[in-house]
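Here are my notes for a colleague who is new to this entry. Please read them with the structure open.

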Amino acid sequence: PGLLQGKNIVVMGVANERSIAWGITKSLHNAGANLIFTNRQERSYQKLIKLLEKNEIEPKLIVSCDVANDESITEAFNEIKEKAGVIHGLVHSVAFANRDELKGEYADTSREGFLMAQEISAYSLVAVTKAAKEVMTEGGSIVTQTYLGSERVIKNYNVMGVAKASLEASVRYLAEDVGKYGIRVNAVSAGPIRTLSAKGVSGFNEKAGIIEEKAPLRRNVDQDQVGDATLFFMSELSRGVTGEVLHVDSGYHIIG
Ligand code: 0WD
């Protein structure tokens, strides 16, 4: 049997075939998990239905959830509780910042843009952890997606880098809060991957090129590699690990 046989896992953030959450979906499905999906937009819902059909993945449940809205989060997790009873994992793969704040100088960030990036990209993990822990009555694992721009100044990443720093600090505080219930909280810090969201950050090609040149492995990572690292965090193989940020970036973060 697979590592996640009989486990109910919620995946948030499949927008299309390129989404990191889609690579994660394939890894978790291959390990035998029952998958529950949430998405924000009707457009993503239609894409998800087609992707699942094409890949012969039977979802346990699909619910709509806008992480900017407390009511939407409450409704989504109530429906999950009602229809699935218990969940054992949650994948948070959601972020947002205005495109015009992902270029130029960080010092030009607007108050509104700063708050929006924090709300959707960092506070959302806090809000969904609070809701998910009520349904994780047998213990569980929560995994979010972050990026090196939280630790270092990476050109154009700006307000999102600061939101990711907040997200990673939240991983540590949340890990302490829910550890007593047998729930672990970790993050995967992926190298640059060409997705819908990545298109919003100026100079993507440049970033990917630097990885091929400078990272120890001399190649970029893909959604499947992030998927397998997330599978590790979801499974009992990582039972001794919480509050951690694991770099899946061909080793780029160790290079000065
Ligand atoms: O290079 C990259 N692509 C990296 C991405 C490197 C390292 C980390 N990451 C992170 C991102 O910052 C994000 O946290 O991975 C996560 C997933 O990003 P992605 O796969 O690159 O992006 P994408 O395919 O655009 O998915 C982002 C999802 C979309 O899903 P839906 O179902 O809503 O279309 O985040 C969603 C976005 O729409 N999203 C929201 N979901 C719920 N409520 C919201 C919201 N308010 N806002 C955005």
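1. Start at the ligand in this predicted model. The shell around the ligand holds 29 residues. The closest are Ser19, Arg40, Gln145, Thr195 and Ser197.

2. What is the shell made of, by class? Nonpolar residues number 16, polar residues ten and charged residues three. Two elements to look at are helix 1 (20-30) and strand 5 (140-146). Each gives the shell at least two residues.

3. Next, the record. An unreviewed UniProt entry carries the annotation "binding site". Among the residues it covers are Gly13, Ser19, Ile20, Asp66, Val67, Val94 and Lys164. The annotation also includes Ile193, Arg194, Thr195, Leu196 and Ser197. These annotated residues do not all gather at one spot, because they span 185 residues in sequence and their farthest two C-alpha atoms lie 23.7 Å apart. Ser19, Thr195 and Ser197 appear both in this annotation and among the residues closest to the ligand.

4. Take valine 67 from that annotation. Valine 67 sits in the loop between strand 3 (61-64) and helix 3 (70-84). Is valine 67 buried or exposed? Valine 67 has 24 C-beta neighbours inside 10 Å, so it counts as buried; the cut-off is 20 or more. Setting aside neighbours within four places in sequence, valine 67 contacts Ile73, Val94, Ile120, Ser124, Ala127 and Val128. One of these, Val94, is also covered by the annotation.

5. Now lysine 164, also annotated. Lysine 164 lies in helix 5 (residues 158-179). With 26 C-beta neighbours inside 10 Å, lysine 164 counts as buried. Leaving out residues up to four places away in sequence, lysine 164 touches Ser121, Thr146, Tyr147, Gly149 and Ser150.

6. Step back to the fold. The protein has seven helices and seven strands. Their order along the sequence is β-α-β-α-β-α-β-α-β-α-β-α-α-β.

7. How do the contacts run along the sequence? Take the contacts between residues at least 6 apart in sequence. Of these, 77% join residues at least 24 apart.

8. Last, the overall dimensions. The C-alpha trace spans about 45 × 40 × 40 Å along its principal axes. A compact globule of 256 residues would have a radius of gyration near 18 Å, and the protein has 17 Å, which agrees. Buried residues make up 45% of the 256 residues.

How values were computed. Residues are numbered from 1 along each chain as its sequence is written. This is a predicted model: local features need pLDDT of at least 70, side-chain atom pairs count only at pLDDT 80 or more; totals for chains, interfaces and linings use all residues. UniProt positions are given in the numbering used here, feature names are shortened, and annotations may be inferred rather than shown by experiment. Helices (H or I, at least four residues) and strands (E, at least two) are DSSP runs, numbered from the N terminus. A residue is buried if 20 or more other C-beta atoms lie within 10 Å of its own, exposed if 12 or fewer, and partly exposed in between; C-beta atoms are placed from the backbone. Two residues are in contact if their C-beta atoms, placed from the backbone, lie within 7 Å. The radius of gyration is taken over C-alpha atoms; the globule rule is 2.2 Å times the number of residues to the power 0.38. A residue is near a molecule or strand if its C-beta atom, placed from the backbone, lies within 6 Å of it. Ala, Val, Leu, Ile, Met, Phe, Trp, Tyr, Cys and Pro count as nonpolar, Asp, Glu, Lys and Arg as charged, and the others, Gly among them, as polar.
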